[in-house]
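Work through the exercises below with the structure open. Each task is followed by its solution.

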Amino acid sequence: MGFNAIAIDQRSGKTKNEIDNATKLAAEAAGKGTTYLDAVQDIQSAIEYASKLSKRKIILWGSSYSSSLGFVLAKSNQDKIAAYLAFSPGEYFTDLGKPADWVASEAKDLKVPSFVTSRPSERKDAKPIFDAIENKDKTYFVPETDSKHGSQALYEATVGNEASWKAVEAFLGRFSE
């Protein structure tokens, strides 16, 4: 669609598609934390880096726990963010000391256009976060099939990925040149 993209590993990731997360391994080797909350600084660094590469605002995209952290970071970086896409967000941080509605309370004040998606079985986790966004420029998409968690919903091998792609492309089309 004409976008430049940066994909990052965060220090809390795991092995995916038989590729080890080098960022997590380096953090562990350096004695740094690797919880979901420790990954906030990785996403913030990526936002700052991308902001230096272009004068245009960023479209932030998160998957699973990073989609939840993305609400926090999109809110605190609204001067740099044009839009936000969240795949399978949830309140994943109660074991780390955050309130059960932490992500929803952070999402409340998000002013940028937002796209939230989850598979039907995750609606109970994602919909309260979506509903908390007071900005009316928001889209919630749930595919008809159970799909896959996070951005895996877009994988070619995922049943129903075409519908998810169509929804994403419709949202992103507003921002492409």
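**Exercise 1.** In this predicted model, find what sits over the ring of Phe130.

Solution. Go to Lys138. Its charged end sits over the Phe130 ring. The distance to the ring centre is 4.4 Å. The cut-off for such a contact is within 6 Å of the centre, so the distance criterion is met.

**Exercise 2.** Classify the pair formed by Tyr36 and Tyr65, and place both residues in the chain.

Solution. The structure holds 10 aromatic pairs. Take the rings of Tyr36 and Tyr65. Their centres are 4.1 Å apart and their planes meet at 5°. Planes under 30 degrees apart count as stacked, so this pair is stacked. Next, locate the residues. Tyr36 is in the loop between helix H1 (22-29) and helix H2 (40-53). Tyr65 belongs to helix H3 (residues 65-76). The pair therefore ties together parts 29 residues apart in sequence. Last, check accessibility. Tyr36 has 29% relative accessibility, so it counts as partly exposed. Tyr65, at 8%, is buried.

**Exercise 3.** Describe the pair of Tyr36 and Phe93, then decide whether Phe93 is buried or exposed.

Solution. The centre-to-centre distance is 6.2 Å, with 80° between the planes. The pair is edge-to-face. Phe93 lies in the loop between strand S2 (81-87) and helix H4 (102-107). Tyr36 and Phe93 are 57 residues apart, and their pair links distant parts of the chain. Phe93 has 1% relative accessibility, so it counts as buried.

**Exercise 4.** Which residues form one aromatic cluster?

Solution. Tyr36, Tyr65 and Phe93 belong to the cluster, together with Tyr92 and Trp102.

Key
Residues are numbered from 1 along each chain as its sequence is written. This is a predicted model: local features need pLDDT of at least 70, side-chain atom pairs count only at pLDDT 80 or more; totals for chains, interfaces and linings use all residues. Side-chain values use heavy atoms; hydrogens and water are left out. Rings of Phe, Tyr and Trp (its six-membered ring) pair if their centres lie within 6.5 Å; planes under 30 degrees apart count as stacked, over 60 as edge-to-face and the rest as tilted. Helices (H or I, at least four residues) and strands (E, at least two) are DSSP runs, numbered from the N terminus. Buried means under 20% relative accessible area, exposed over 50%, partly exposed in between (1.4 Å probe, protein chains only). A charge sits over a ring if NZ of Lys or CZ of Arg is within 6 Å of the ring centre and within 35 degrees of the ring normal.
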